[in-house]
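Subject: Structure handover

Hello,

Here is the structure I promised to pass on. Please have it open while you read the notes below it.

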Amino acid sequence: MALAKASGLVTSYEFSNQANEVFVSNLWYTQTVQFKKDFLAKIASLKETITGYHRFQVRDALSNEKVAEVTAFTGSLEVYK
């Protein structure tokens, strides 16, 4: 996550009992769908190793719109924008 923040892709993130969200910049929209899915899979894998849960949402930092998520039950990688 530090590398993603340093690159400007991720503006902030919060993983807690109440929130499981990653906020991304406009750089998100310039990436390919394959890159986005790989990015989601890597975060989900690390998060599951640390917490036991893989579910989280990716939101636009400016509009708060959900742009992607890893679903709770199946771990499906969903890219909306």
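The notes below cover the sheet, its strand pairs and the helix that lies across it.

First, a caution: this is a predicted model.

The sheet
Five is the strand count to keep in mind: 5 strands form an open sheet. Their order is β1-β2-β3-β4-β5, with mixed pairing. β1 and β5 (77-79) are the edge strands, each pairing on one side only. From one strand to the next, the twist averages 15°. As general background, strands of a sheet pair through backbone hydrogen bonds, either parallel or antiparallel.

β1 and β2
Strand β1 covers residues 10-15 and strand β2 covers residues 20-24. The two are antiparallel, with 5 bridges between them. A hairpin of 4 residues makes the connection from β1 to β2. To find the register, start at Ser12, whose bridge partner in β2 is Phe23. Then look at Phe15, which sits opposite Asn20 in β2.

β2 and β3
Here the sense changes to parallel: β2 and β3 are joined by 4 bridges. Val22 is the residue to pick out, as it faces Val58 in β3 across the pair. The route between these strands includes helix α2 (residues 33-51). Together, β2, α2 and β3 make a right-handed β-α-β unit.

Inside β3
Which residues of β3 point one way, and which the other? Phe56, Val58 and Asp60 point one way, while Gln57 and Arg59 point the other way. In a regular strand, side chains alternate between the two faces of the sheet. Is β3 covered or open to solvent? Strand β3 (residues 56-60) is mostly covered, with 5 of its 5 residues buried. That includes Asp60 and Arg59, both buried.

β3 and β4
Strand β4 spans residues 66-70 and runs antiparallel to β3, with 4 bridges between them. Gln57 of β3 is opposite Glu69 in β4. The hairpin has 5 residues between the strands. One of its residues deserves a look: Asn64 has a positive phi, near 65°.

The helix on the sheet
Which strands does α2 lie across? The helix lies across β1, β2, β3, β4 and β5. Its direction is at about 140° to β5.

If you have time for one view only, take β3. It pairs parallel with β2 and antiparallel with β4, and its residues are buried.

Best wishes

How values were computed:
Residues are numbered from 1 along each chain as its sequence is written. This is a predicted model: local features need pLDDT of at least 70, side-chain atom pairs count only at pLDDT 80 or more; totals for chains, interfaces and linings use all residues. Side-chain values use heavy atoms; hydrogens and water are left out. Two strands pair if DSSP finds at least two bridges between them. Buried means under 20% relative accessible area, exposed over 50%, partly exposed in between (1.4 Å probe, protein chains only). A crossover is right-handed if, with the strands pointing away from the viewer, the path from the first strand over the helix to the second runs clockwise. Axes are lines fitted to C-alpha atoms, for helices over the stretch in contact, and angles run from 0 to 180 degrees between N-to-C directions. Contact means heavy atoms within 4.5 Å.
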